[in-house]
Structures are given as C-alpha cells and as structure tokens.
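User: Hi! I have a chain open in my viewer and would like to talk it through with you. Can we start here?

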Amino acid sequence: MTSNLRHWYRPAVLLAALIAAGCGKSGPTLYPVTGKVTGADGKPLEHATVVFHPVGAADPDAIKPRGKVGPDGTFTLTTHTAGDGAPPGEYKVTVERWLSSGKGDEPPVNRLPEKYSKPDQSGLTATVGSGPTELTPFTVTTKR
C-alpha cells in the first residue's frame, strides 16, 4: 500500500502546484501612486475616500483604485492589496468624505458637495504613469 501511495503523491503535488499558480492575480501591472487632498482653505481632508475611475473603460466593473486620506491629507492608492498602486492610464477622480453627525443613530453624511462624488462632474483628473507616480495635489471646495 505504501508504494501505491507514492504512486499518487507526486501527481497530486504537481496538480496542486498548477492550481495554485493559476489562482494568482492576473491583470495589468500596478505602480505605486501617492497624492494629497485638501480643502480650498488648504486644510487636509482627513477621512476622505479618493476613487480613480478609468477613462474609457467599457466594463462597468473595471478596476477602480482607491485611497483613504490621512491626517496630513496624503493618500496611497490600492487596487488589490494595501498600497499596491494602480494600472497606468487616465482617470477621472471622485472624492467623498462620509462623517457622522455625532447625533445618536443618524447615519454618516457625505460632507463634500455632491459633484465630487460623480466622475463626470468632479472636474478632477489624474494620469498614472508606468512607474511610481506622485500626483499634483487635489483641492476641493468643502461648502455644500
């Protein structure tokens, strides 16, 4: 019985390795992207979420890299895993800042004007290059 087990062991290990290799992430190469978001007053928009919408994407489920704005206004884009970046290309950018009112059970509210939540209205664009990209800072008005 031991020789019979050895007979199936190597093919099983080979099959498992092939399946694991096929399950890896495929798709475009990602490059590190960093940026900054401030209000018109120059203050960082901590807790805002930045989403990059690929220009000309035919698939509505196309990859949309995103980042969370930190206390200093900076963000790093993530596509699959934290900080892995974005594919090179042209993007329309949206920014939303969902914050609680602090009044009991009231749900969070987007504290930025609605136009910034719509790719075709935000007026924000970015180009990600084929290498690490530091974006020109985005400035948004915070008055609703």
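Analyst: Happy to; we can go from the overall fold to single residues. Keep in mind that this is a predicted model.

User: Thanks. How many helices and strands are in the chain?

Analyst: There is 1 helix, and there are 10 strands. Along the sequence the helix is followed by the strands, in the pattern α-β-β-β-β-β-β-β-β-β-β.

User: And what share of the residues is buried?

Analyst: Buried residues are 29% of the 144 in the chain. The exposed surface comes to about 9,400 Å², with carbon and sulfur atoms supplying 56% of it.

User: What about long-range contacts, say residues 24 or more positions apart: what percentage do they account for?

Analyst: They make up 63% of the contacts in the chain with a separation of 6 or more.

User: On to the sheet. Which strands form the open one, and in what order?

Analyst: The open sheet has 4 strands, ordered β3-β2-β5-β8, with antiparallel pairing. At the edges sit β3 (66–68) and β8 (124–128), each of which pairs on one side only. On average, neighbouring strands here are turned by 30 degrees against each other, direction ignored.

User: How many bridges are there between β2 and β5?

Analyst: 6 bridges, linking residues 49–54 of β2 with residues 89–96 of β5 in the antiparallel sense. As one place to look, Pro-54 stands opposite Tyr-91 in β5.

User: And the other pairs, β2 to β3 and β5 to β8: how many bridges join them?

Analyst: β2 and β3 are joined by 3 bridges, and Val-51 has Arg-66 in β3 as its bridge partner. Between β5 and β8 there are 5 bridges, and there Lys-92 is partnered with Thr-125 in β8.

User: Which side chains of β8 are buried, and which are not?

Analyst: Leu-124, Ala-126 and Val-128 point to one face and are buried, whereas Thr-125 and Thr-127 point to the other face and are not. That alternation fits a general rule: in a regular strand, side chains alternate between the two faces of the sheet.

User: Nice. Which residues of the largest nonpolar core touch the most other members?

Analyst: The core has 21 residues, and those touching the most other members are Val-37, Val-50, Phe-52, Phe-75, Val-93, Val-95 and Phe-138. Two or more residues come from each of β1 (33–39), β2, β5, β8 and β10 (138–140). As a general tendency, nonpolar side chains in soluble globular proteins are buried together.

User: Let me zoom in on Val-93. What does it touch?

Analyst: Setting aside residues up to four places away in sequence, Val-93 touches Val-50, Val-51, Phe-52, Ser-122, Leu-124, Thr-125, Ala-126 and Phe-138.

User: Now a histidine, His-53. Is it buried or exposed?

Analyst: His-53 lies in strand β2. It has a relative accessible area of 17%, so it counts as buried, the cut-off being under 20%.

User: Which side chain does the side chain of His-53 make a polar contact with?

Analyst: That of Thr-94, at 3.0 Å. Beyond its neighbours within four places in sequence, His-53 is in contact with Lys-64, Glu-90, Tyr-91, Lys-92, Thr-94 and Pro-119.

User: There's His-47 too. What is odd about its phi?

Analyst: His-47 has a positive phi of about 80 degrees, although it is not a glycine. In general, most residues other than glycine have a negative phi. His-47 is in the loop between β1 and β2 and is partly exposed, at 39% relative accessible area.

User: Changing topic: where is Asp-84, and what does its side chain reach?

Analyst: Asp-84 is in the loop between β4 (74–76) and β5. Its side chain reaches the backbone nitrogen of Thr-81 at 2.9 Å. Asp-84 counts as buried because its relative accessibility is 18%. Its contacts outside four places in sequence include Leu-30, Tyr-31 and Pro-32.

User: Last one, Leu-112: buried or exposed?

Analyst: Buried, at 1% relative accessibility. Leu-112 is located in the loop between β7 (109–110) and β8. Its C-alpha atom is separated by 9.1 Å from that of Ala-48, with the two residues 64 apart along the chain.

Note on methods
Residues numbered from 1 in each chain as written. Predicted model: local features only at pLDDT ≥ 70, side-chain atom pairs only at ≥ 80, totals over all residues. Heavy atoms only, no water. Buried < 20%, exposed > 50% of the residue type's maximum accessible area, 1.4 Å probe, protein only. Contact = heavy atoms within 4.5 Å. Areas by Shrake-Rupley, 256 points an atom, 1.4 Å probe, with all protein chains shown as cover. Pairing = 2+ DSSP bridges. Axes fitted to C-alpha atoms, helices over the stretch in contact; angles between N-to-C directions. Core = buried A, V, L, I, M, F, W, Y, C linked by side-chain atoms within 4.5 Å. Polar contact = N/O pair within 3.5 Å; in protein donor to acceptor, adjacent residues only side chain to side chain.
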